[in-house]
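Biologist: Before we turn to particular features, could you take me through how each kind should be read, with the general idea placed ahead of the case?

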Amino acid sequence: MPREAEPSNNERAFILEALQQDIRLDGRALDAFRHIQLSFGDEYGVADVRLGKTRVLARISASVTAPFPDRKFDGIFTITTELSPMASPAFEAGRQTETETLLSRLLEVALRRSSALSTESLCLLAGSKVWSLTATCHILSHDGNLLDSCCVAVLAALQHYRIPDTTVRGEEVVVHSAEERNPVSLAMLHHPLCVTMALFEGGEKIIVDATLREQQCCEGEVVVTANKHGEVCQIAKLGGVPSDALVLLKCVDVAVSKVKELDALVAKALEKDAAKRDIGGLMAELSAENAR
């Protein structure tokens with residue numbers, strides 16, 4: 001099974017010595033993210049996130065299906081990840097790696113189990129027909145911090161997506177096309193985002209948004225999922241050195257402040273995309289001209 005190329009002893013020593021002096025190789029502060037670019041596709045529900053050299057594409061799709069027998073009033077929401085050899089030579093097509101398994105589980109807890117999306121709003125006919133929503137994350141380039149990139153991409157795609165409007169006639173559900181009726185946005189209850197921190201020097205030094213090389217040199221990682229209101233949804237300690245409770249509290253404080261920045265970035269990108277798509281003002285002006 002292919003493995004990611006490990007840093008040499010000299011590279012590792014150089015990175016660790018620089019961090020002892022609070023210096024990172026790309027010149028960032030210890031608690032700073034790389035430059036984030038968020039863009040949307042021509043279709044609703046497609047989000048492209050670039051975090052430094054890491055790139056993730058998230059796509060939302062929906063279909064009508066039967067609900068689970070024990071959840072008759074809830075729709076279905078699933079998250080899948082696809083890591084291809086194009087992103088890194090350590091990934092194999094059609095073979096799930098430990099990285100992919102861990103990534104899927106953390107996203108599942110962060111977005112699905114935290115009830116970011118109201119699954120009750122996806123119900124069409126109780127016990128008979130519901131919307132099944134699937135968020136697929138395609139990893140296009142891997143240079144560290146996949147989880148945060150995927151979380152931003154999926155959350156932005158969910159907010160951007162528009163689900164077809166429906167009409168229920170007895171036991172029949174009619175799905176309207178975009179030409180017949182405007183599709184509607186999803187019912188989001190809150191907007192949780194992940195912040196991954198790498199630990200160094202026995203957990204005493206914390207850095208945000210580690211690159212792949214920094215991740216390979218770190219002594220452990222802590223993932224905190226929270227929303228802009230400071231509500232913590234998840235704390236995950238991914239192996240490594242034991243961490244003091246005060247270190248975890250510090251990680252939570254850092255994460256909450258970073259989540260507010262990420263949430264504002266997503267909101268700004270959505271607003272910019274909505275303004276680009278909104279031709280209502282122009283069409284209304286043209287209609288007024290014709291009426292005269």
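Modeller: Let me begin with what a crossing angle refers to: an axis is a line fitted to C-alpha atoms, for helices over the stretch in contact, and the angle runs from 0 to 180 degrees between N-to-C directions. With that in hand, and bearing in mind that this is a predicted model, we can take the helix pairs in turn.

Biologist: At what angle do the axes of H3 and helix H5 cross, and within what distance do they come?

Modeller: The axes of H3 and helix H5, the latter spanning residues 245-277, cross at roughly 40° and come within 11 Å. Angles under 35 degrees would count as roughly parallel and those from 65 to 115 as roughly perpendicular, and H3 and H5 are therefore oblique to each other. The crossing in which H3 passes H5 is right-handed.

Biologist: Which residues of H3 and H5 meet?

Modeller: From H3 come Val152, Ala156, Gln159 and His160, and they meet Leu262, Val266, Leu270, Asp273 and Arg277 in H5. Sorted by class, this contact of H3 with H5 has five nonpolar residues, two polar and two charged.

Biologist: How do helix H2 and helix H3 pack?

Modeller: Helix H2 (residues 98-112) packs with helix H3 (residues 146-160) at an angle of about 45°, and their axes are 10 Å apart; H2 and H3 are therefore oblique to each other. Their crossing is right-handed. On the H2 side the contact is made by Thr99, Leu103, Leu106, Leu107 and Leu111, which meet Leu146, Leu147, Cys150, Cys151, Val154 and Leu155 in H3. The residues of this contact of H2 with H3 divide into ten nonpolar, one polar and no charged.

Biologist: How many disulfides does a search of the whole structure find?

Modeller: In general, a disulfide is a covalent bond between the sulfur atoms of two cysteines. The cut-off to keep in mind is that the two sulfur atoms should lie within 2.5 Å, and a search of the whole structure finds zero disulfides. Cysteine 194 is in no disulfide, its nearest cysteine sulfur being that of cysteine 151, 3.7 Å away.

Biologist: Is cysteine 194 buried or exposed?

Modeller: Cysteine 194 counts as buried, because its relative accessibility is 0%. As for cysteine 218, the closest cysteine sulfur to its own is in cysteine 217, 8.1 Å away, which is too far for a bond; cysteine 218 is buried, with a relative accessible area of 18%.

Biologist: Which backbone feature should I look for at aspartate 22?

Modeller: Here the thing to read is the sign of phi: aspartate 22 has a positive phi of about 60° although it is not a glycine. Aspartate 22 sits in the loop between helix H1 (9-20) and strand S1 (36-40), and it is partly exposed, with a relative accessible area of 46%. Asparagine 145, also not a glycine, has a positive phi of about 60° and lies in the loop between strand S6 (129-141) and H3. Asparagine 145, however, is buried, with a relative accessible area of 2%.

Biologist: How many helices and strands are in the protein chain?

Modeller: The protein chain has six helices and 14 strands, and its C-alpha atoms fill a box of roughly 70 × 55 × 40 Å along the principal axes. Of its 292 residues, 46% count as buried. Among contacts with a separation of 6 or more, residues 24 or more positions apart account for 70%.

Notes:
Residues numbered from 1 in each chain as written. Predicted model: local features only at pLDDT ≥ 70, side-chain atom pairs only at ≥ 80, totals over all residues. Heavy atoms only, no water. Helix = DSSP H or I, 4+ residues; strand = E, 2+ residues; numbered from the N terminus. Parallel < 35°, antiparallel > 145°, perpendicular 65-115°, else oblique. Left-handed = near helix turned anticlockwise from the far one by under 90°. Contact = heavy atoms within 4.5 Å. Nonpolar A, V, L, I, M, F, W, Y, C, P; charged D, E, K, R; others polar. Buried < 20%, exposed > 50% of the residue type's maximum accessible area, 1.4 Å probe, protein only.
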